Amino acid sequence: MNNEIDHIFIMSDVGAPEADKLVDAGITEGASRSHPGQGTTNRRFFFANVMLEFLWVHDATETGGDIIRPTHLLERWQQRKTQSPYGICFRPVADAPDTSPIFNVWDYKPPYLLDDMAIQVAHNAGVLHEPFLFFLPWAHAPENPPQHPGGFHTLTSVKLNRPVTDDTSPAMEAVIPHLQIVTSDAHHMTLTFDNGSQGEALDLRPSLSLLIVY
């Protein structure tokens, strides 16, 4: 495969209070970041091969503006309890002969990026029952991730539960090899670290549809 998962976001309440459970479980929190002009802010956690991001809208006027509107991030945040609250970012596999994304994309240039940079967004951005898929051609695995007291190290699998739908976009079809997809009555994601070697789980439901197995 020429792509791999770079990071995963989940739309959260303002301030992402649910992320406190990760801190309590011994996961060291990274620096938070706001996205000027996009109207979003995050809390971030870095691991050996991925970053986990809790994302919320702090300025709906910015997120609903002309440049940002085609991403449908505002609607996804507003409808996070009923639609897919997830985003999955891919990056090129190091030293892969082909470093292009595995789905068709369009260039998204939010104000906080340098002029010569663009986030490559899949064409399913407006399909709110699917995760928001995108690609960062410059991305790489986190450098010097923290040694988490809770023992978390490497993301080893992603399981996505989603309701039955009449259609699956070509972009979603393209990423199926990277995910385990299960038909369910609600949106839910399970992230497994280190193949679940500790036999523990961190359940963020009902506030967030996220289960972390480690």
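The largest pocket in this predicted model holds about 590 Å³ of space. Its lining is made of 25 residues, and the closest to its centre are His7, Arg33, Met51, Glu53 and Leu136. Which elements give two or more residues to that lining? They are β1 (3-11), β2 (33-35), β3 (40-46), β4 (51-57) and β8 (132-135). Sorted by class, the lining has 16 nonpolar, 5 polar and 4 charged residues.

The second largest pocket has a volume of about 180 Å³. Here 14 residues form the lining, with Arg80, Lys81, Thr82, His187 and Ser209 the closest to the centre. That lining divides into 7 nonpolar, 5 polar and 2 charged residues.

Now the sheets. For anyone new to them, strands of a sheet pair through backbone hydrogen bonds, and the pairing is either parallel or antiparallel.

One open sheet has 8 strands, and reading across it the order is β2-β3-β4-β1-β5-β8-β7-β6. The pairing in this sheet is mixed. Which strands sit at the edges? They are β2 and β6 (105-108), each of which pairs on one side only. From one strand to the next, the twist averages 30 degrees. As one example of pairing, take strand β7, residues 119-122, which is joined to β8 in the antiparallel sense over 2 bridges. If you want to find a bridge on the screen, start at glutamine 120 and look for its partner in β8, phenylalanine 135.

A further open sheet is formed by 5 strands, in the order β10-β9-β11-β13-β12, again with mixed pairing. Its edge strands are β10 (180-183) and β12 (201-203), and each pairs on one side only. The twist in this sheet averages 15 degrees from one strand to the next. At one end of the order, β12 and strand β13, residues 210-213, run antiparallel and are joined by 3 bridges. Within that pairing, leucine 202 has isoleucine 212 in β13 as its bridge partner.

Staying with the 5-strand sheet, look at strand β11, residues 188-193, where methionine 189 lies. Is methionine 189 buried or exposed? Its relative accessibility is 1%, so methionine 189 counts as buried. Arginine 162 is 27 residues away from methionine 189 along the chain, and their C-alpha atoms are separated by 8.6 Å.

Last, the aromatic rings. How many aromatic pairs does the structure hold? There are 9. One of the pairs is phenylalanine 9 with phenylalanine 134, and this pair is tilted, at 6.1 Å centre to centre and 35 degrees between the planes. The two residues are 125 residues apart, phenylalanine 9 in strand β1 and phenylalanine 134 in strand β8, and the pair therefore links distant parts of the chain. Both phenylalanine 9 and phenylalanine 134 are buried.

Another pair is tryptophan 106 with tyrosine 108, which is edge-to-face, with 6.1 Å centre to centre and 65 degrees between the planes. Why does tryptophan 106 count as partly exposed? Because its relative accessibility is 23%, and buried means under 20%. Tyrosine 108 counts as buried because its relative accessibility is 3%.

There is also a cluster, in which ring pairs link Phe47, Phe152, Phe193 and Tyr214.

How values were computed: Residues are numbered from 1 along each chain as its sequence is written. This is a predicted model: local features need pLDDT of at least 70, side-chain atom pairs count only at pLDDT 80 or more; totals for chains, interfaces and linings use all residues. Side-chain values use heavy atoms; hydrogens and water are left out. On a 1 Å grid over the protein atoms alone, a cavity is a set of points where a 1.4 Å probe fits but cannot get out, and a pocket is an open set with protein on both sides within 12 Å along at least five of seven lines; lining residues have an atom within 4 Å of a point. Grid points are joined across faces, edges and corners, and a volume is the space filled by probe spheres set on the points. Helices (H or I, at least four residues) and strands (E, at least two) are DSSP runs, numbered from the N terminus. Ala, Val, Leu, Ile, Met, Phe, Trp, Tyr, Cys and Pro count as nonpolar, Asp, Glu, Lys and Arg as charged, and the others, Gly among them, as polar. Two strands pair if DSSP finds at least two bridges between them. Axes are lines fitted to C-alpha atoms, for helices over the stretch in contact, and angles run from 0 to 180 degrees between N-to-C directions. Rings of Phe, Tyr and Trp (its six-membered ring) pair if their centres lie within 6.5 Å; planes under 30 degrees apart count as stacked, over 60 as edge-to-face and the rest as tilted. Buried means under 20% relative accessible area, exposed over 50%, partly exposed in between (1.4 Å probe, protein chains only).
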